[in-house]
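Grab a pencil and work through these exercises with the structure open beside you. Try each task yourself before you read the solution.

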Amino acid sequence: QARGEAAHMDLEAGSIRPRSDGEGGGPAAGRETDDSNVWKDLFLAYKTLGVVFGGLVTSPLYVYPSMNLSSPTEADYLGIYSIMFWTLTLIGVVKYVCIALNADDHGEGGTFAMYSLLCRHADIGILPSKRVYAEEDPLLHSQSAIARRPSRLGKFFEQSITARRVLLFVAVLGMCMLIGDGILTPAISVLSAIDGIRGPFPTVSKPVVEALSAAILIGLFLLQKYGTSKVSFLFSPIMAAWTFTTPIIGLYSIVHYYPGIFKAISPYYIVHFFLRNKRQGWQLLGGTVLCITGAEAMFADLGHFSKKAIQIAFLSSIYPSLVLTYAGQTAYLINNVNDFGDGFYKFVPRPVYWPMFVVATLAAIVASQSLISATFSVIKQSVVLDYFPRVKVVHTSQHKEGEVYSPEINYILMVLCVGVILGFGGGKAIGNAFGVVVIMVMLITTVLLTLVMIIIWRTPLVLAGLYFVPFFIMEGAYVSAVFTKIPEGGWLPFAVSITLAMIMFGWYYGRQRKFEYEMTNKVSLEHLGELLARPEVQRVPGLCFFYSNIQDGLTPILSHYIKNMSSLHTVTIFVTLRSLLVAKVDQSKRILINRLGPNGVYGCTVQYGYADNLSLEGGDDLAAQVTSCLQWHIQMDTDGRRSPEEEMAQLEAARLAGVVHVRGKMRFYVGEDAGWFDKIMLGFYEFLHGICRSALPVLGMPLQQRVEIGMLYKV
């Protein structure tokens, strides 16, 4: 590399950065760096307790109460514990910690991150403007030639539009289900914790418990605008108290009630459970699946923390805590077989009941945070990739770009959460809905992860099959069991997912039709020269930023603008916002400038990844940053027909004359002769487009400098 730098990979948090050879010094400096990294990972692991693992580690509050047990026996409880132990071990440890966390896209996790990772390594994107770019794209230089050549499976997806649509649908469904998780986790966690007040005070009615739960959740959602770093600093001590006190009570319960509980680790008890209970045992899987709820947040919240921190926290505290807590609950229930309806609070010893009630309530609030954070992350990813209408996304941390907050999404979640609590009331109905969400997200992750293994990692088919077959069978069995719960509350996540999928598909269809029209009617540089050569067209003083969605050519609105205004500014820069299927774009490659033939006309591409913060840094607005890049380009480019001094003087004079940002607003005009599908979908797109936010405010455009040019496109 230039300036004597060598390429080094810094894999912490999935980032890649150049590092000078001198960095790090000798062995002593290396040891200091290693020590500081260890402490940093341990501190991050501590913070993950407050954001990532809340939903998972508080699942003992509602797993047993959600089961429809009838006259359970000791053998039944041993079988149930064995199922939960192996579910936690196989899905939590093997699938997520050992495999899924490695399928990040430059530090970002979740189903959409895996989808974009697949799109970058094979030409399987759907939306044309978001397709992966050519091999010579400088942003993909870090990929090897082998990785860029598609595998057989990759070629199949490239050649089949149906397969690509199914893949997009699966990724969208995973995102929609995760948002459903963000609605149900706060509802069931807080409701189950507050329900503990009815143990000592049976006179407290269920409506009072529901009202208290709703009030707590409203307070939590109002705190979101302060950001996850502040929230996790506040919540991590609470979560640590819960994580380390519940297994202590579990150990006490094991010793006091059933010391031989760990014999249930043997898979023999699972087989015996199903042979004895048959259909009822299969249906009980809909309750046991809740023991792994919140595990998807480990992957979806990866952008908020680092892979190593999440692995350390899960293996050293979360997993042992859950294994011991469930063992203690089961040991108590073996001796008190009919107490499963309040399976958590009943097993808490009386002297510590109230302290545990307080800790459980606070921990349930933290549990809600993990899925709320994950929901913000996936919404932001889909907005940047143009699969979801634009909503406001606020970056709440200067140091961690994955920490985001969306006011609109936050308040919609709040209304839905409170609605679930007041509408469903009982924890069992919410548990039925919850089971559907939990296992569907995990099954989708299994499918996408298998594709990542084969297409990107080039894992041999035998090894990929060894992963896919057992997990697909296990999760498929869970799915078949929870689907029986659809009439009893499981319909809710499907209703939410279908609504979200309709919004995403309507937005996608409208954007695709718009893109196709722009590509068909784009203005070439030759046509621009002809327009400017017309005698009635004047070049007026000023600096104009003209926004376009087209990479190759100019937007049709330009021709509409010049014909109607009969003018163009002396310096006009055509700006294209180009979202790439990468997590982050290097700052040096963020703004690219080129000269476009006619005098004073330039092209500018602003590139960003789906995890990038588009709010420009350093207080500069877009005009200042692009002008600075253009000045540097003029000085370095000696191929211009005019001297650099002349061009620089023209640019400065134009800037002083005034800056204007021109944005085209093309709307669909759906005529009477349009088909019914277009009438419905494009009408829905126009509705969404009318209520969503503009793309320009995030780039710091002063309102008084903005001009919008309207244009109708007859369908």
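**Exercise 1: Counting and checking salt bridges**

How many salt bridges does the structure hold? Then check the pair D195 and R198, and describe how accessible each partner is.

*Solution.* Keep in mind that this is a predicted model.

- Step 1. The total is 11 salt bridges.
- Step 2. To test a pair, you need the cut-off: a side-chain nitrogen of Lys or Arg has to be within 4 Å of a carboxyl oxygen of Asp or Glu. For D195 and R198, the closest N and O atoms are 3.6 Å apart, and the pair forms a salt bridge.
- Step 3. Now the accessibility. D195 has a relative accessibility of 33%, so it counts as partly exposed. R198 comes out at 29%, which also makes it partly exposed.
- Step 4. And the general idea behind it: side chains of opposite charge can pair when their charged atoms come close.

**Exercise 2: A pair along one helix**

Look at E652 and R655. What separates them along helix α22?

*Solution.*

- Step 1. Find the helix: α22 covers residues 644-657, and E652 and R655 sit three residues apart in it.
- Step 2. Because of that spacing, about one helical turn separates the two.
- Step 3. Their side chains meet in a salt bridge, with 2.7 Å from N to O.
- Step 4. Check the surroundings: E652 is partly exposed at 30% relative accessibility, and R655 is partly exposed at 35%.
- Step 5. Salt bridges can also share partners, and here R663, K665, R706 and E708 are joined that way into one network.

**Exercise 3: A pair that links distant parts**

Which helices hold R513 and D678, and are these two residues buried or exposed?

*Solution.*

- Step 1. Start with the distance: the closest N and O atoms of R513 and D678 are 2.9 Å apart, and the two form a salt bridge.
- Step 2. Now place them. R513 belongs to helix α18 (residues 491-520) and D678 to helix α23 (residues 676-691), so to speak at two distant parts of the chain, 165 residues apart.
- Step 3. Both R513 and D678 are buried.

**Exercise 4: The two sides of α23**

Stay with α23. Does its length agree or disagree with what you'd expect, and where do its buried residues fall?

*Solution.*

- Step 1. Length first. With 16 residues at 1.5 Å a residue, α23 should span 22 Å. Its end C-alpha atoms are 23 Å apart, which agrees.
- Step 2. List the buried residues of α23: D678, M681, L682, Y685, E686, L688 and H689.
- Step 3. Look down the axis of α23: these buried residues fall within an arc of 165°, so they line one face of the helix.
- Step 4. On the other side of α23 you'll find W676, G690 and I691, which are exposed.
- Step 5. What does the buried face pack against? The buried residues of α23 pack against α18 and β7 (659-669).

**Exercise 5: The surroundings of T446**

Which residues is T446 in contact with, leaving aside its neighbours within four places in sequence?

*Solution.*

- Step 1. Locate T446: it is in helix α16, residues 427-455.
- Step 2. Its relative accessibility is 0%, so T446 counts as buried.
- Step 3. Beyond those sequence neighbours, T446 is in contact with K95, Y467, F468, F471, F472 and E475.
- Step 4. Pick out K95 from that list: a polar contact of 2.8 Å joins its side chain to that of T446.

**Exercise 6: Positive phi**

What is the phi of S71, and what is the phi of K278?

*Solution.*

- Step 1. S71 has a positive phi of about 50°, although S71 is not a glycine. K278, another residue other than glycine, has a positive phi near 50°.
- Step 2. Now compare where they are. S71 is in the loop between α2 (54-57) and α3 (74-99), whereas K278 is in helix α10 (residues 268-283).
- Step 3. S71 counts as exposed because its relative accessibility is 64%. K278 counts as exposed at 57%.

**Exercise 7: Stepping back**

How many helices and strands does the protein have, and what percentage of its residues is buried?

*Solution.*

- Step 1. Count the elements: 23 helices and eight strands.
- Step 2. Of the 715 residues in the protein, 56% are buried.
- Step 3. Finish with the surface: the protein exposes about 29,000 Å², and carbon and sulfur atoms supply 63% of that.

Definitions and conventions: Residues are numbered from 1 along each chain as its sequence is written. This is a predicted model: local features need pLDDT of at least 70, side-chain atom pairs count only at pLDDT 80 or more; totals for chains, interfaces and linings use all residues. Side-chain values use heavy atoms; hydrogens and water are left out. Buried means under 20% relative accessible area, exposed over 50%, partly exposed in between (1.4 Å probe, protein chains only). Helices (H or I, at least four residues) and strands (E, at least two) are DSSP runs, numbered from the N terminus. The expected span of a helix is 1.5 Å times one less than its number of residues. The arc is that of the directions from the helix axis to the C-beta atoms. Contact means heavy atoms within 4.5 Å. A polar contact is a pair of N or O atoms within 3.5 Å; within protein, one must be able to donate a hydrogen and the other to accept it, and residues adjacent in sequence count only if both atoms are side-chain atoms. Accessible areas come from the Shrake-Rupley method with a 1.4 Å probe; for residues, only the protein chains shown count as cover.
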